[in-house]
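Colleague: Could you take me slowly through a single part of this structure, explaining each term as you go?

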Amino acid sequence: MIAPRRALVYAGTVAAVLAVWALLAGTGAVAPLLLPPIGDVWRALSDLAAEPSKLLEPVGTTLEETAIAFGVATAIALPAGVLVGSSRLLRRAYEPVLTGLNALPLVILYPVLAATLGVGSHSKIALGLLYAFFPIAIAAARATAGVDGRLITAARTMGAIRAQWLAGVVLPAVLGPVLAAMRVSLGLTLVTVIASEFIAGAAGIGYQLGTASQSLDSPGLFAWIVIACLVTVAVNLLFSLTTHVLQKGIAR
């Protein structure tokens, strides 16, 4: 639950942004092509809401691509990170590689992915997967390396098999850092998918942003920016709620 005082801070920030926006647009300090009046953006949002398919189909496409990319990346990165972190040799060999690759601007690979997989959903999922993979793998490797070996030894001494000490000792120890990395990765995946749709796409939120921009439809462009922000906040809240429930379940 969001504390009332924190909600007031958020509401105040939004009100301040809207006030500055209304001032700049109302006085003509910024051209309507660059910053349309709030009323025009609201009408564009209302038009989209009046025809749900125009709103839900792009949002659904982007969320589907994001979910697939993030899910596959997590399924690969988590065990890979645990494997690297559980061995001193593998950690010394591969952690610098993972860190180095994570620092690369992977978006430069998009032309290659588009040429190989096409400009449809597959290339966007692949790029989102790459951005999601490295933060999770690095966090899992470092968290696993930090697990107290004495606890594992104690669990083994008491007769725990590998699956039991992994679930009872390693998982609770790495859960916090890994979930934090997963939240970062989820945001990166969503932004990457939208950006790749903007660059070369035929569907999704990014495609709608590109279409509105190319047709100089400023109210439509800002309406889709608002939608993208709301989708990002909703995805983040959903992830926070899910992980909160998961952590409480494991703590029990």
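Modeller: Axes here are lines fitted to C-alpha atoms, for helices over the stretch in contact, and angles run from 0 to 180 degrees between N-to-C directions. This is a predicted model, in which local features need pLDDT of at least 70 and side-chain atom pairs count only at pLDDT 80 or more, while totals for chains, interfaces and linings use all residues. Residues are numbered from 1 along each chain as its sequence is written, and side-chain values use heavy atoms, leaving out hydrogens and water.

The protein chain has 10 helices and 0 strands, where helices (H or I, at least four residues) and strands (E, at least two) are DSSP runs numbered from the N terminus. The part to look at is helix α8, residues 162-199. Its 38 residues have end C-alpha atoms only 46 Å apart, short of the 56 Å of a straight helix, the expected span being 1.5 Å times one less than the number of residues. At Leu 171, α8 bends by about 50°, and Pro 172 follows within four residues; the bend is the angle between axes fitted to the seven residues ending there and the seven starting there.

Helix α6, residues 121-145, packs against α8 at an angle of about 165°, with the axes 8 Å apart. That makes the two helices roughly antiparallel, a term for angles over 145 degrees. Their contact (heavy atoms within 4.5 Å) includes Tyr 131 and Pro 135 of α6 and Ala 181 and Leu 188 of α8.

Definitions and conventions:
Angles under 35 degrees count as roughly parallel, over 145 as roughly antiparallel, 65 to 115 as roughly perpendicular and the rest as oblique.
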